[in-house]
Amino acid sequence: MGTVTTSDGTSIFYKDWGPRDGRPVVFHHGWPLTADDWDNQMLFFLSHGYRVIAHDRRGHGRSSQPPTGHEMDTYAADVAALTDALDLEGAVHIGHSTGGGEVARYVARAEPGRVSKAVLVGAVPPVMVQSETNPGGTPIEVFDGFRAALAANRAQFYIDVPSGPFYGFNREGAKVSQGLIDNWWRQGMMGAANAHYECIKAFSETDFTEDLKRIDVPVLVAHGTDDQVVPYADSAPLSVELLRNGTLKSYEGLPHGMLSTHPDVLNPDLLDFVKS
């Protein structure tokens with residue numbers, strides 16, 4: 001574990017496990033979580049000989065809590081600072097939800113040789129919010145509701161989200177894991193309320209269309225068809241259409257947090273793509 005200091009003085013916390021000469025796999029977490037959300041995948045890839053790296057986004061987890069920079073351009077610049085500091089070459093970048101947007105923005109701008117592949121899992125691109133150009137998107141009122149709930153009682157909001165739509169625990173017959181709910185709450189409450197509030201705009205309103213068009217490395221787009229947070233029809237299929245070298249993998253009936261509810265299904269598929 002260590003930290004990298006960005007150009008504006010923000011300290012970015014990261015984990016870096018495995019052999020220094022192993023192929024690097026970099027994980028990017030969703031809102032409002034931390035690098036800890038990737039523990040299962042990091043241990044899995046570590047057991048296969050990879051070097052695994054995950055960071056806490058600025059304002060999240062153990063990274064510092066600056067007053068500014070809570071938008072995608074700065075998130076991507078922070079990733080560039082981390083990959084430069086670690087001098088990563090040929091890395092695979094895997095992002096979930098908001099982290100998928102971060103991956104798209106970073107990979108589209110990365111220095112040649114830094115990235116070999118990317119994976120977007122339940123990711124927010126191309127753009128979430130509904131508009132004239134994105135009529136199938138989520139109405140802005142939904143995200144206004146997120147902001148209102150966070151400001152009113154963040155602790156309760158961070159129980160309600162994982163207890164319901166994030167992991168699909170609100171579906172009939174769902175096998176509820178209290179541990180996942182508690183761990184989601186723990187991670188969320190580690191971060192800064194201002195950063196989480198502003199990040200809602202970043203993940204919901206950022207348009208990644210041009211980023212996706214610029215990416216020339218192979219990209220796996222994985223998405224659950226019962227994703228209640230980032231609806232399937234307005235995300236994964238549209239992203240694949242924009243990518244030069246994209247592959248769509250759909251998971252019938254799986255939720256937004258499928259990496260945690262079904263790692264036995266997702267992890268082998270991720271490994272197969274990384275190895276291919």
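**D87 counts as partly exposed, at 49% relative accessibility.** Here buried stands for under 20% relative accessible area, exposed for over 50%, and partly exposed for what falls in between (1.4 Å probe, protein chains only). The model is predicted, with local features needing pLDDT of at least 70 and side-chain atom pairs pLDDT 80 or more, while totals for chains, interfaces and linings use all residues. Residues are numbered from 1 along each chain as its sequence is written, and side-chain values use heavy atoms, leaving out hydrogens and water. D87 sits in the loop between helix 2 and strand 5 (91-96); helices (H or I, at least four residues) and strands (E, at least two) are DSSP runs numbered from the N terminus. Take a look at its backbone: D87 is not a glycine, yet its phi is positive, about 50 degrees. Most residues other than glycine have a negative phi, and most peptide bonds are trans.

**S97 is another residue other than glycine with a positive phi, near 60 degrees.** Its place is the loop between strand 5 and helix 3. The relative accessibility of S97 is 7%, so it counts as buried.

**The peptide bond joining W31 and P32 is cis.** Its omega is about -10 degrees. P32 belongs to the loop between strand 3 (24-28) and helix 1 (39-47). If you enjoy following side chains inward, W31 is also listed among the residues with the most contacts inside the largest nonpolar core.

**A cis peptide bond leads from P125 to P126.** Omega is near 5 degrees for this bond. P126 is found in the loop between strand 6 and helix 4. From P126 to H196, 70 residues apart along the chain, the C-alpha separation is 21 Å.

**H196 is part of helix 6.** With 0% relative accessibility, H196 counts as buried. Leaving out residues up to four places away in sequence, H196 touches W31, P32, G59, H60, L150, R154, Y158, G188 and G191, a contact being heavy atoms within 4.5 Å. Both residues of the W31–P32 cis bond thus appear in this view as partners of H196.

**S204 also lies in helix 6.** Its relative accessibility is 0%, so S204 counts as buried. Beyond its neighbours within four places in sequence, S204 is in contact with V127, M128, V129 and F143.

**R105 is a buried arginine, at 9% relative accessibility.** R105 lies in helix 3. Setting aside neighbours within four places in sequence, its contacts are M72, D73, A76, T206, D207, F208 and D211. H29 is 76 residues from R105 along the chain, and their C-alpha atoms are 14 Å apart.

**The largest nonpolar core has 45 residues.** Such a core is a set of buried Ala, Val, Leu, Ile, Met, Phe, Trp, Tyr and Cys residues joined through side-chain atoms within 4.5 Å. W31, V107, W184, F203 and I215 have the most contacts inside the largest core. The elements giving two or more residues to it are helix 2 (72-86), helix 3 (98-109), strand 6 (115-121), helix 4 (140-163), helix 5 (178-190), helix 6 (193-205), strand 7 (219-224) and helix 8 (236-242). A good place to start exploring is I215, which touches A104, V107, A108, L243 and R244, not counting residues up to four places away in sequence. Another core, of 24 residues, lies apart from the largest one and includes V52, A54, V121 and L270.

**To set the close-ups in context, the chain has ten helices and eight strands.** Its radius of gyration, 17 Å, is close to the 19 Å that the globule rule gives for 276 residues, so the chain is as compact as a globular protein of that length. This radius is taken over C-alpha atoms, and the rule is 2.2 Å times the number of residues to the power 0.38. The C-alpha trace spans about 45 × 40 × 40 Å along its principal axes. Of the 276 residues, 55% count as buried. Among contacts with a separation of 6 or more, 75% are between residues 24 or more positions apart. The chain exposes about 10900 Å², 52% of it supplied by carbon and sulfur atoms (Shrake-Rupley method, 1.4 Å probe; for residues, only the protein chains shown count as cover).
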